[in-house]
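Biologist: Please take a close look at one part of this model with me, and describe how the residues and helices there meet one another.

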Amino acid sequence: MNIEKFWKNKNVLITGISGFVGSNLAKNLSKNGANVFGITQKKRKKNSLLYYEKIDKKVKVIFGNITNKKLLQKIIKKNKIQICFHLAAQVEVGAAKNKPFETWESNIKGTYTLLEVFRENNKDIKSIIVASSDKAYGEHGIKKMPYKENYNLIPTFPYDTSKACADMIAKCYSSDIFNLPIIITRFSNIYGPGQLNFTALIPGLIKSCIFKKKFIMRGNGKSIRDFIYIDDIVDLYKLLSKNLFKNPNKYSGEVFNAGTNTPYKTSYILKKIFLYKKRKKELMDIIKKLKNKKTSGELSVQFMDFKKLYKYFKWKPKYKFEKTLPSLFNWYEDYFNYSKK
Ligand SMILES: NC(=O)c1ccc[n+]([C@@H]2O[C@H](COP(=O)([O-])OP(=O)(O)OC[C@H]3O[C@@H](n4cnc5c(N)ncnc54)[C@H](O)[C@@H]3O)[C@@H](O)[C@H]2O)c1
C-alpha cells in the first residue's frame, strides 16, 4: 500500500466505524498515519473486521448513538476533528420495513445531529463526506439507467427514503446558508471483506456455500444491480475527502455516483458464486423455485457509472466482480474459522 503523506496526523472521525465500510476505511487511514476516531453502536461490537483484524488497537472507538448531540460535541471539540466520513446508518432494508422508526432515527436524525454539531463547532472541520446511496434515487426504470447525479430523488421504500432525506439535509448544510464543506456520495452495492450483513446478496451467498446451507433468494433473480469492490470505495472516499479539504469552494455541495457501470442480474451473481464452489445441483434447485416467484419491496433495476468522477478526477474502478471471488472466499473462510473460536 502506498502511504499518502496527506493523511499523516489528520484528525478524522468515522461514524459507523465498526461497520463494513467504516472498518475498511479505518484500516487504511490508520496505516496512512491519520488519528482516527470512530463512533458506533455497541451491539455491533463482536462481529466486525475492526476487531477481527485488530484495527481497534490503532484507532479510538467510542460507543454511542449518532443521535446523541452532547456526545458528538464532546468528540468533535476535544479531538479537533478536521475530516469526517459519515457512514453510520441502519442499512438493513428488511429492518427498515419492520421498524421504520429506528431507521428514521439513525439515518435522518443521526445525519442532522452530526451536521448541526459541525455547524456549531466549525473551527477545525475542513471536509465531510456524507454517504447517501444509489437507493436514494428510487425507481427510474431501465431506460434511465445508469443513474445521473442530477436525477430527482423519488424513493418510496423506507431505507431508500431515509437515505434521500439524509442526502437532502447534507445538501442544505453545504449550501451558502450553512457553508459546511460537504460532498455527498451515492454508491451502488459495495461488497468485499468485512461485509457481515448476511441479508446482503454476496455475503449471504458466500455464507451459504461455506456452510453448505440452503439459500433463499429475496427477489426472483431478475433484479439488476451493480456491485463495486470495497477497495475501490476506500480509494475513492480518500480521493474525494482530500480534494474537498484542499479546495472546498470547488467541491462542496457536489454529489458523486460510483458504480462499475456493469448491470448484473442477481441470478448471475447467484450462478457465479455457486458454480465457483461447484454447487450445481443446489443452484438448479434455487433457479427452479425462482421461475414463478414474484418480487416486491425492491427496486427492479439499478446501476451506476463513474462518468462524473472520471471527468473530475480521472477516477475509475479497478476491480471486477468475477476476479475478486477467490480472495473473497478466502477472507470469509478465515473469518468464520475465527468467529467459531
Ligand atoms: N454497503 C453498501 O452496499 C452501501 C452502498 C451504498 C451506500 N452505503 C452507505 O454506506 C454507509 C456504510 O454502510 P455499511 O455497509 O458499512 O453498513 P454497516 O451496517 O456495516 O455499518 C453501519 C455502521 O453504523 C453504525 N450505526 C448504525 N446506527 C447507528 C446509530 N444510531 N448510532 C451510531 N452508530 C450507528 C453501526 O453500528 C455500524 O457500525 C451507510 O450509510 C450506507 O447507507 C452502503
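**Around Ile273**

Modeller: In this predicted model, Ile273 is in contact with Ile202, Leu205, Ile206, Cys209, Phe321, Leu325 and Phe329, if its neighbours within four places in sequence are left aside. Ile273 also belongs to the largest nonpolar core, which has 70 residues, and together with Ile14, Phe85 and Tyr237 touches the most other members of that core. Another core lies apart from it and has 27 residues, including Phe37, Leu114, Val130 and Ile169.

Several of the names around Ile273 return where two helices pack, namely helix α7, residues 201-210, and helix α13, residues 321-340, whose axes are 10 Å apart and make an angle of about 60°. Angles that are neither under 35 degrees, nor over 145, nor from 65 to 115 count as oblique, and α7 and α13 are therefore oblique to each other. The crossing in which α7 passes α13 is right-handed.

In residue terms, α7 brings Ile202, Pro203, Ile206, Lys207, Cys209 and Ile210 to this meeting, while α13 brings Phe321, Leu328, Phe329, Tyr332, Glu333 and Phe336. The residues of the contact of α7 with α13 comprise 10 nonpolar and two charged ones, with no polar residue among them. Ile202, Ile206 and Cys209 of α7 take part in this helix contact, and Ile202, Ile206 and Cys209 are also in contact with Ile273; on the side of α13, Phe321 and Phe329 meet α7 and are likewise in contact with Ile273.

Key: Residues are numbered from 1 along each chain as its sequence is written. This is a predicted model: local features need pLDDT of at least 70, side-chain atom pairs count only at pLDDT 80 or more; totals for chains, interfaces and linings use all residues. Side-chain values use heavy atoms; hydrogens and water are left out. A nonpolar core is a set of buried Ala, Val, Leu, Ile, Met, Phe, Trp, Tyr and Cys residues joined through side-chain atoms within 4.5 Å. Buried means under 20% relative accessible area, exposed over 50%, partly exposed in between (1.4 Å probe, protein chains only). Contact means heavy atoms within 4.5 Å. Axes are lines fitted to C-alpha atoms, for helices over the stretch in contact, and angles run from 0 to 180 degrees between N-to-C directions. Helices (H or I, at least four residues) and strands (E, at least two) are DSSP runs, numbered from the N terminus. A crossing is left-handed if the near helix is turned anticlockwise from the far one by less than a right angle, and right-handed if clockwise. Ala, Val, Leu, Ile, Met, Phe, Trp, Tyr, Cys and Pro count as nonpolar, Asp, Glu, Lys and Arg as charged, and the others, Gly among them, as polar.
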